[in-house]
Amino acid sequence: MSGAYLSDVLFLLGFAVAVVTIPLVTLAAFGWLRPHYPEALKAEAYESGMPQASIPRRPFHMAYYNFALVFIVFEVETLLLFAVAPILRDAGWLGLAEVGAFVALVALSLFYAWRKGALVWR
Amino acid sequence: MEVSLPLTFAAGLLWGAVAFTIVGALTAGLVLAERKVSARIQGRVGPMHTGPHGALQTIADMIKLVMKEDVRPARADATAFRLGPLLVAVPAVLSLAVIPFGAPLVMRDLNVGVLYFLAIPGVTVIGLLLAGWASYDNYSFLGGLRSSAQFISYEIPRSLTVVTVVMLAGSLSTVDVLEAQRSVPYVVLLPFSFFLYCVTSLAEINRLPFDMPEAESELVAGYHTEYSGFRWALFFLAEYAGFFAAAAFGAVLFLGGGSGPLLPPVVWLAVKTAVLLFIGMWIRFTLPRFRADQLMRLAWKVFLPASLVNLVLAALIMRAVGS
Amino acid sequence: MSEPQNVEQLLFIAFGIVAAGGALYAVVTRSLLRSIIALGAFLTAVAGEFYLLAADFLAVVQIFVYVGGIVVLMLFALMLSASGVRHPLAAIDRPALGAALAYSLGAGVLWGSLTTELPAVGELPADAVDALGRALLGSQLWSFELIGVILLASVITALVIVRKERR
Amino acid sequence: MTTAAVTLSSVLFAIGVFGVLTRRNAISLLVSVEIMMNAAIINLAAFSRLYEPEAMTGQVFALVGIGIAACEAAVGLALVLAVYRRFGSTDVDSIDLLKG
């Protein structure tokens, strides 16, 4: 039984090792073929040919964080729905009602965020 | 245990290499196909000079890309700058591990395969943010933020849509989902889910009409403005890997994957995936681009409620009809 | 060598070393960005441990919520709060005292958990994902609904906190 | 495996405690708390195989733990940002209501 988990991990590990190694090796292998002419102007950040007008370390709008915040909450809710989804087919009306209550809570949090204006992009 | 453990690891290595090669070849093929399709739609001929009818154009482009100078802005954060493209490209290829390509080509049938496929690309967001932040460039920074905001926004409705499939199939394994579609593919039972899946997938992989993050008229090239050569190619590869993975996964979830008469499963899956890919390209060159605020409003105020309603209706209908 | 138990043990220890290394780097590095990246590596290694502990659903949830969610949230917060700073750094206070306290607390926890008599590993359900769903809708229903309530509460709280300061 | 799991969990917990004790930056504090949280969840996952493995009690609790960690991160980081906008820093020492 636990053998299945172990071989899954081994397989995925091998897969990941291959997928990470190939681009790294390619990058290194073509290193000697690539030209390398460092130049101060080339190392400037791109700003349509002008010197950088403002530094890219400035506070951006809170809207980004609002979306991230609502996102993480909905992500957990989606995952819980995934956990119960496979057995929902033969869970009966009771199971459906239980999941329905959960979905109602999800909808309520969406409604709240909506009313609070957290879903508006400014 | 039927297969020895070192062999399983070796199989993982092998499949990883195969998956990466497939993605590389597919990217070349898809770029060419996309150029030709776009040319046809817009009444042009597309690339014609390299090889017959320009067939070798992308090969030439690939050679060019690996040979190009690797430029890094002087003020960039070196570690994060290097890590960014890897974190974008690697998960895109990793997610392919659970797609059942047909009887001999199931790479791995995980118990939680469907969830694995949805979870792994989420790591991409970290790569996007790192790439944008590390470049120390205004365009990259804004592009990275916008891309990641869009990605996370569409991830929720997309996942919620897939819940309906899992509910009907009664399993999180991709192979079981295929088995459950033996008699009738889910596109017939869940047409609205299929529609939602296609649209949100297009948005999640940042393709037109949802490619706001890379809107070249506003943000130059978005988070990969400062990247060149092979590192830039990794972003490119990731985009097409994501496009392909989403299409293949859609074919598995809704179109019955490799099932079909006469031809072997791999061919059927390839045909169905190709159809979805073609639709994606068609949309790209037909519809105009959305604005950033429209994109986010669509995700949260249209697609998310729609996917919730879809889920509830699907559950009720499934219950009422009884299996 | 390829005895399943040994391989399992070996892998568990290997992932454990990556996890502990990542966690240690995350708390000792002064660069906030690197700290968060190291946290990501730590969380991924822990996902591997979950899978080895026969909790595959948990492993995927870990990747989904922690790596694809919490780490992203932290990066957003870092980038929001780093105006004008190229490499946000954070100080480390009284490391010797902290290390001594952490060491004694950790040693205490370790001693406690190693001296407790634990039962043997039991028979796992044949379909773990199915069993998890049944538990959530059956005996553990209250926790299923409770998370829903907590999540709703946290949306409300967080949005109130974020909004209050807007001028 | 169980021994290895509880050992790892204790080590990670100690590392988290170290972080909480020595860091003043609010984001670092959250990083450390997440490490401690994960240490606890490893234990829950390991104990799921010992106590009532058929009922998956441990794994359900671990799932609840991950959900709570997500809430904690969302609320915690919202606080961090509120503090940052009020005091211009994410150092917890800079929170001084008398100066506010």
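**Exercise 1. Helix α2 of chain C**

Find out how the end-to-end distance of helix α2 (residues 32-52) of chain C fits with its 21 residues at 1.5 Å a residue.

*Solution.* Keep in mind that we are working with a predicted model.
- Step 1: at 1.5 Å a residue, the helix should span 30 Å.
- Step 2: the C-alpha atoms at its two ends are 31 Å apart, so the two values agree.
- Step 3: turn to the surroundings. Of the 21 residues of α2(C), 19 are buried, which means that the rest of the structure largely encloses this helix.
- Step 4: look just past the helix. Ala54(C) follows α2(C) and has a positive phi, near 65°.

**Exercise 2. A helix in chain A**

Repeat the check for helix α2 (residues 63-84) of chain A, and decide whether the helix is mostly covered or mostly uncovered.

*Solution.*
- Step 1: this helix has 22 residues, and 32 Å is expected at 1.5 Å a residue.
- Step 2: from first C-alpha to last, the helix reaches 32 Å, close to that expectation.
- Step 3: 20 of the 22 residues of α2(A) are buried, and the helix is mostly covered.

**Exercise 3. Chain C as a whole**

Describe the fold of chain C, starting with its helices and strands, and compare its radius of gyration with that of a compact globule of 167 residues.

*Solution.*
- Step 1: chain C contains 6 helices and 0 strands, giving the pattern α-α-α-α-α-α along the sequence.
- Step 2: a compact globule with 167 residues would have a radius of gyration near 15 Å, whereas chain C has 20 Å.
- Step 3: along the principal axes, the C-alpha atoms fill a box of roughly 55 × 40 × 30 Å.
- Step 4: the domain assignment splits off domain 1 (1-99) and domain 2 (125-167). The C-alpha centres of these two domains of chain C are 23 Å apart.
- Step 5: 50% of the residues of chain C are buried. Take the contacts in chain C between residues at least 6 apart in sequence: 56% of them join residues at least 24 apart.

**Exercise 4. Two residues compared**

Is Ile70(C) buried or exposed? Is Leu262(B) buried or exposed?

*Solution.*
- Step 1: locate Ile70(C). This residue sits in helix α3 (residues 56-80) of chain C.
- Step 2: count neighbours. Ile70(C) has 29 C-beta neighbours inside 10 Å, so it counts as buried; the cut-off for buried is 20 or more.
- Step 3: list partners beyond four places in sequence. Ile70(C) touches residues including Ile72(A), Val65(C), Glu34(D) and Ala73(D). Ile36(C) is 34 residues away along the chain, and its C-alpha atom is 10.0 Å from that of Ile70(C).
- Step 4: locate Leu262(B), which lies in the loop between α11 (229-254) and α12 (265-284) of chain B.
- Step 5: Leu262(B) has 6 C-beta neighbours inside 10 Å, so it counts as exposed; the cut-off here is 12 or fewer.
- Step 6: Leu262(B) and Ile22(B) are 240 residues apart along the chain, with 25 Å between their C-alpha atoms.

**Exercise 5. Where chains C and D meet**

How many residues does each chain bring to the contact between D and C, and which helix gives the largest share on the side of chain D?

*Solution.*
- Step 1: chain D brings 65 residues and chain C brings 76.
- Step 2: on the side of chain D, α1 (2-22), α2 (26-48) and α3 (57-87) each supply at least two residues.
- Step 3: α3(D) gives the largest share, with 23 residues.
- Step 4: sorted by class, the side of chain D that touches chain C has 44 nonpolar, 14 polar and 7 charged residues.

Definitions and conventions. Residues are numbered from 1 along each chain as its sequence is written. Chains are lettered from A and ligands numbered from 1 in the order in which they are written. This is a predicted model: local features need pLDDT of at least 70, side-chain atom pairs count only at pLDDT 80 or more; totals for chains, interfaces and linings use all residues. Two residues are in contact if their C-beta atoms, placed from the backbone, lie within 7 Å. Helices (H or I, at least four residues) and strands (E, at least two) are DSSP runs, numbered from the N terminus. Ala, Val, Leu, Ile, Met, Phe, Trp, Tyr, Cys and Pro count as nonpolar, Asp, Glu, Lys and Arg as charged, and the others, Gly among them, as polar. Domain bounds come from an automatic or database domain assignment. The radius of gyration is taken over C-alpha atoms; the globule rule is 2.2 Å times the number of residues to the power 0.38. The expected span of a helix is 1.5 Å times one less than its number of residues.
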